[in-house]
Each structure stands twice: as structure tokens, then as C-alpha cells.
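Here are my notes on the two-chain model you sent round. I've kept them as numbered points so you can follow along with the structure open.

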Amino acid sequence: MGTDTLTYSVSHRTVLRYTAKVSLSYNEVRMRPRDRGSQRTLAFSLLSNPWAVPRSRVDYFGNFVHRLDVTTPHELLEFSVDAVVENAEPRRRRLSEWDQDALAGDPRLEFVLPSPRVPLGENTRSLWHEWNGDDTSFESVLATAQRIRRELRYVSGATTVESSIDDLLEGGAGVCQDFTHLFLAMVRGAGWPARYVSGYLGPVDEDQVVEGESHAWVEVCGSDGRWLGLDPTTGEHAGAHHLRLAVGRDYGDVAPHHGLFFGEAKGASPDVTVRIARMSNQQVDRVEHHAAVHWQQQQQQQQG
Amino acid sequence: MTTDAGVARGLAFGLPRAADECVDLDGVVRPPYAELLATLERAAATLPQLRRNAQEWFADRGVTFGVPTEGVAPIFPFDPVPRVLSSAEWRSLSRALSQRAMALDLFVSDCYGSQRAIRHGVVPGRLVYSSTGYLRDIVGIRPPRATWCHVSGIDVVRVNGTFHVLEDNVRIPSGIAYALESRRAMESLAPEWFKLAPVRPIHGYTGRLRRILQRIAPRQWDADIVVLTPGSYNAAYYEHQLLAAEMNATLVEGHELIVVEDEVYRRDAEGAAQRVDVIYSRVNSEWLDPLVFRRDSILGAPGLIEAWRRGNVAIANAPGTGVADDKVIYPYVPAMIRYYLGEEPLMDNVPTYDLTDAQQQDHVVANFDRMVLKPVDASGGYGLHFGRLMSSNEASGFLDGVKANPRQWLAQEEVALSRAVCLRAGGGFEPRAVDLRPFVLLDERPWIVPGGLTRVAGDPDELVVNSSHGGGSKDTWVLTH
């Protein structure tokens, strides 16, 4: 653990209230932090109520997926995730543009193409042109992230999880998911591979607690094949307090919960609470100490 | 037969002097048809009765194709004059079909594996990644025996005397039941015709298919096989019933399957749960598992893909094969054959253009009056636009739409399909356009049922040969020598 490492405890609770009793439900959740670069998950637990044994796999985009089949009748389903995640400030690199011929034969081509929630329409193309002219350099990508934050208002409740880029541009207000989709459309239109990142935004100061919702931002890929996080909601680079959960082409690929149920219920309204606390070094030591003690106990049990 | 006599005979049947199914480039009747046409002349008086008998035969057996209206699905139209292929023709055709089916299978395998063909520029990644048939959730899965396209139906047409591929079907190619029934009809209605020439039998198809399904089963010694159908409202429901019955498999709909702890079960007649080993699926992949693909699907069963991923159930054709029969992929099949097999393609495509490529698009626009544009996401011959049938105003408006959405269209040069002799409704003969859908089964080696489904246009002027367009079928004869 370096001096620039920040450690967070994350608690992410999702309650689904069905409109009537459900006899059986199948659920896929993408809630386990995705380690990469400086991000590391020190502890993770996923519990459901009613109880189900989670089975995990890794999806197309490299995200963890847990499948929980709840076979006892239920009217309410709760997922509780508790995790300890550490992260460091990523290096702020300047990305160089792709040679379009090289990109044509590269798997990252997929992230330049339109996706279900990120159509590459005339409106986002002309918006890029209005802001940056014909310049498609990395500087314009950065400027676009900052400009989205300046030109559009962050208003929670202005849009829904199903809102489109057109809805955002018409209303002029939205939340991180909308800004992320808009930014994706603009940078993809300019020839940059870019993907959707879902995650959390933690507090910067020690002992501070953030309560709220999940966060979303963008990763752009340079011609060296490496991804760099840019957050159009803050207008800045993704930092050590950006904790990644999953990546995909757009929200559809990373939605934290997909479910299917049998029964009389018409649907379920999810109620999500996320609580993220910056842990002091002392607390982190305690987690690591507990982990070490637990490991020792296990070893002794196995030997005994 | 002298040339003049041959031409005269062809003309007597209303056949053109140009290349055709029954006559060669000079208008001479082609050898495999010589005997048959002579017989038709001799039996001319009985043919109207034969035609009525055939209609009755199909109605009695309830051979239907199409969506039932008011509870009754339409009877499949049938023409009793067989379509005949010589053994030499069939030999070269079947070699070309095997080659193509193997390349398509390797392509599907590659798309869900290391994607070599994309990295080497053989097939453009932009087309694969934007294909609705490319299913991201199954990348990395390796099905049993590494076979994806257990059955492929490759539509071929004869243009200027030579067979060309018109379209590949590796998702859920249908039609074999109509080919089998067409043969049964002829054997019972005109058994004496089979004495004219030795015709290769086709009844071995269902046994072969069953053997392939058995081989991919997790429990090969005691495989429980089901045919998964979208239900009686599907146009090919008759075929699903026939295949299930002849393969000794159970016909099920998605709601009759349940997945418990990654094992697939069905209820048997006594209500007991039976474990399912193999699903011969006639439901499109996108509808198979609402947990993974289309969330609004009621045609599949939740959890099916995970069961398949873990090897607890086999599915044929494997989910995801749609990436190879996406119409925009078709122009690249010859390149695939060279790339995967290191061979030259034995059969050409009909000249086809990828409109997402600027150069090819220019060519199509410049030669629009020779082109047919097909919508990528439609089948059954719907939505075709013939350049020469449009006014210049219509054409420019239509082409603007195409340029705005080039991924949605495929351009093919309009080709004159060969025509074959058919019985006219009021007596006498008329030529109608035909194509051929042979069925290739992939096991260790490809196996092709001799012949396949010959589809006939609904009337003499119809340009589209498709069962969804009122077309019918003929029995297809492959001669043993």
C-alpha cells in the first residue's frame, strides 16, 4: 500500500419490491468491483435475502457476473454488497489518435461503433463540430468532457434509466449516465474507441462518507491500446476516488441487476443505497489484520 | 437427339431458347430431362388428374406451410413435375456445398473464439461487431465437437447454366420436411416415373440428423432429444412435428422446459421431470434465453445458455450461428473459404456488394438499374427493391435512405433464375423460376441429402422464389448415373 493509495469501504444495497408475490426469480448482478491497474478489491461479499447461492462467471467485457436463483416465494428481494477497495491516482497520460486502418482490424473497433444506447446520430456529430471544428485530437476529447459539464445541468430525476441522448440534449439536464452516453457518442463519432464505466465516486477526504448512487464515466482508448478514464460529470480525469465496477459499450452492458421472475407481480421497483467511506490507515490495517487472522485460523483447522 | 429436335421439344414445353433448368445454352434439352419430358408427352392426358391428386395428397396429410388463418394453415403448393439433376452436376455441386458449409462453420467458431479473420482483415470487424447475430454472451464457449452449424441450408440458383450461391442459412434452415414429403408424394402418385431413371433416395436424412444430435449429447448412451419449436403459429410448424416424430424426439415449446441448477428438464407424459440432453432448436438464438438475450422472450427458457455453457445440454444449431448468415457477411464467404481452407471457392456468389464500403456503394448507385436491394434484417423474400422497377425519383429517394443506413441493406445484381417445367393450372405446361436449397449436415465430414428442396415461384412472372411468397415445391431428383 503506497502513500497515494486510497482505501474505501463500499456498502451497496438494492431492494426490489415486487408488486405481488413472486414464486421464482432469476437474477444476474454485476456488483463486484473490477480490478485493473491500481484498483484492488481487498474484501468482497454478496448476500441476498431470501438467500441464494451466487454462482459467478466473467462476461464478454471481463466483468464479474453473479447469478442468483431465488426459489423460495418472495415479495421483496434484497442484495447486499460489502467491499473494501483500494485505488491509486492513475497517471494522466496524453493519448494519441488511432490510425483508422489499424483500428479496422482491432477488437477495440467495437467501441467506436454505435451501440444500442449510443447511436451515432447527426446531432452528436454536429455538436462535436460546433465545439471542436474538425479537430479530433486528444485535447478536443478533454475539452469536450469539460464542456459537457459546463453546458448541461446535473439534475437528479431529470431523466430516467431509460432516457436517451436525445432526451438529454432536448431537456439540457440529466445525470451521470446521460452525460456518459453523450460523451461516448461524441468521442466515438470523432474516431476514438470509448467505453462505459459503471462504478462509485468515493469521498476524497479521510473519514468522510458519501451516500448516494452509483456513478458512471468513460474510458477512452489511445492508439497504444490503453484506456484512460475521463468523467464528463466532473469534467476531469477519473481519479483514485473513481472505483470501477464494470465496463461495456453502454449502460445496457453493465446494468447492476437484470432479473426475471415468475408469479403474479407486474414488476419491481428497485431501491438502491450506496454508502462509501474513506478508511483511515488504522481501519485498513484492521481489515488486513482480520484477514490474516482468518487465514491463520483456516490453516490451523486444515492442519488439525 | 439432334439439336433441332431437342430445341423443338423444349419449345413444345414453353421453354425458352436461352439457358434454363431443362435446356442448355443452345436451347437443347439437357440429358437428365430427356426421358422425363418424353414421358410427360406420353402421359399428357393424365397430368391434370395427377395435379389434382397431388393437391389432395398434401391436403390429406396436412402438409402446411405458413401462419394459420382462422386455425387452418395453408397447404404447401406442390408441382408434380420433378426437377432433375445429373449425377455429375450433383457431384460438383455437393463438393462446393461441403466446402462452403465447412468455411461457414469455421467462421462462426472463429467469431466466438480468437477472431483471426477479423484481425487479418478477411471479414471486416465493423460488420461482425454490428451484427445482430453476433452474441457477445457466448464468446469463449466451445460447443461439443466444436461444431456450430450442424445443419446448413445453402440456397443456390442456376444462372446462365452455372450454379451460384444466393444466400446462406445457418441459423434455422427450414424446408427439409417439404422435400421429404414431396418425394413421398411422387412415390405414391407416380411410382412408374421412378422406373425411368435411378433416383437417389433421401429418406436417410432424419436418421443422419438424429445420429449427429446423439453424438453431441452429454449422455450419448441415453440421449434425450427434443425439438424446440416456437409453437403452432410458426410457419414451419408442420416440419417441426415431422422431424420430432421421425427422429423419435419430443416436440416441446420453451415454456415446457425448465432449467434447475444448470440442468435442463422437461415433463414427460406422466408429469415426471426428464433430463434433456440435446435441443434441436427451431427458435432463433436471440429468443432462447430471456436472462441473456431478448428479455421479452417467452419462446425460450431462462438459464438455458448457462446450462449450455457448462456443457450440460447441447444445442443444434449452436446459438450464435446467425453471425454467419447475416446478409452483409455473405459477400465475404469466398474470402473465408480461401482463408480457412486454403482452397479456391468451387461455387461463385451472385455478384454482391457491401454498401458499407464506399467504393462498392458507388458502384451500386451507378448501376442501380441492374441491382436488387435486400433488407439485412428480413427474410422470406420480403422488402426487396428492384432498381429497374423504380422511377428515377423513387430511386434517388430510396438510395438516400440506403446511404444514410448502409448497414441495413445488401445489393445484389439481379439475376435471371433458371426456369423449370411445371403443370399449368388449366392444363398444359409452363416454365417457372426455381431455386434449390440443399441441406448440409456437419459431422466429422459434411453429408448432403441428395437434392434438397426445389422451390418454385408462385406464377410464371414471379421473380422471387420463396415459400413465404406463395411459391411451392417440386420433388428433386438426383440421378445415380
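1. A word on terms before the numbers: a cavity here is a set of grid points where a 1.4 Å probe fits but cannot get out, and its volume is the space filled by probe spheres set on those points. Keep in mind too that this is a predicted model. With that in hand, the structure holds 3 cavities of 30 Å³ or more, and the largest cavity has about 80 Å³ of space.

2. Who lines that largest cavity? Both chains have residues there: Glu28(A), Arg55(A), Ser56(A), Arg57(A) and Arg67(A) on one side of the list, and Asp289(B), Leu291(B), Val292(B), Gly303(B), Glu306(B), Arg309(B) and Arg310(B) on the other. By class, the lining has 8 charged residues, along with 2 nonpolar and 2 polar. Two elements supply at least two lining residues each, namely β3 (55-58) of chain A and α10 (304-309) of chain B. The largest share, 3 residues, comes from β3(A).

3. Next, the layout of chain A. It is divided into domain 1 (5-88 + 255-303) and domain 2 (100-207 + 214-253). Taken over C-alpha atoms, the centres of these two domains of chain A are 26 Å apart. Each domain brings 28 residues to the contact between them.

4. Where does the second largest pocket sit? Domain 1 and domain 2 of chain A both give residues to its lining, so the pocket lies between them. About 1200 Å³ of space lies in this pocket. It is lined by 42 residues, and those nearest its centre are Val161(A), Tyr251(A), Pro256(A), Pro270(A) and Val272(A).

5. Staying with that second largest pocket, the elements of chain A that each supply at least two lining residues include the strands β1 (5-29), β8 (194-201), β10 (215-221), β14 (257-263) and β15 (268-278). The helices α5 and α6 (251-254) of chain A do so as well. The class split of the lining is 19 nonpolar, 17 polar and 6 charged residues.

6. Helix α5 of chain A turns up again in a helix pair. Helix α2 (residues 122-132) of chain A packs with helix α5 (residues 176-189) of chain A at an angle of about 75 degrees, their axes being 9 Å apart. That angle makes α2(A) roughly perpendicular to α5(A). From α2(A), the contact uses Thr124(A), Arg125(A), Leu127(A), Trp128(A) and Trp131(A), while α5(A) brings Leu182(A), Ala185(A), Met186(A), Val187(A) and Gly189(A). Sorted by class, the contact has 7 nonpolar, 2 polar and 1 charged residues.

7. Over in chain B, look at helix α4 (residues 87-111) and helix α12 (residues 333-341): the axes come within 9 Å and cross at roughly 80 degrees. The two helices, α4(B) and α12(B), are therefore roughly perpendicular to each other. The α4(B) side of the contact is Gln99(B), Arg100(B), Ala103(B), Leu104(B), Leu106(B), Phe107(B) and Asp110(B), and the α12(B) side is Val333(B), Met336(B), Ile337(B), Tyr340(B) and Leu341(B). This contact has 9 nonpolar, 1 polar and 2 charged residues.

8. Chain B has another crossing worth pulling up. The axes of helix α7 (residues 176-189) of chain B and helix α9 (residues 237-246) of chain B come within 8 Å, crossing at roughly 75 degrees. That makes α7(B) roughly perpendicular to α9(B). Ile176(B), Ala177(B), Tyr178(B), Leu180(B), Glu181(B) and Arg184(B) of α7(B) meet Tyr238(B), Glu239(B), Leu242(B), Leu243(B) and Glu246(B) of α9(B). The residues of this contact divide into 7 nonpolar and 4 charged, with no polar ones.

9. Finally, some backbone details. In chain A, the peptide bond from Asn49(A) to Pro50(A) is cis, with omega near 0 degrees. Pro50(A) sits in the loop between β2 (40-49) and β3 of chain A; that β3(A) is the strand giving the largest share of the lining of the largest cavity.

10. Chain B has a cis peptide bond from Ala316(B) to Asn317(B), with omega near -15 degrees. Asn317(B) is in the loop between β10 (314-316) and α11 (322-325) of chain B. Also have a look at Ala146(B), which is not a glycine yet has a positive phi of about 55 degrees. Its place is in the loop between α6 (125-129) and β2 (151-159) of chain B.

Conventions:
Residues numbered from 1 in each chain as written. Chains lettered and ligands numbered in written order. Predicted model: local features only at pLDDT ≥ 70, side-chain atom pairs only at ≥ 80, totals over all residues. Heavy atoms only, no water. 1 Å grid on protein atoms, 1.4 Å probe; cavity = no way out; pocket = protein on both sides within 12 Å on 5 of 7 lines; lining within 4 Å. Helix = DSSP H or I, 4+ residues; strand = E, 2+ residues; numbered from the N terminus. Nonpolar A, V, L, I, M, F, W, Y, C, P; charged D, E, K, R; others polar. Axes fitted to C-alpha atoms, helices over the stretch in contact; angles between N-to-C directions. Parallel < 35°, antiparallel > 145°, perpendicular 65-115°, else oblique. Contact = heavy atoms within 4.5 Å. Domains from an automatic or database assignment.
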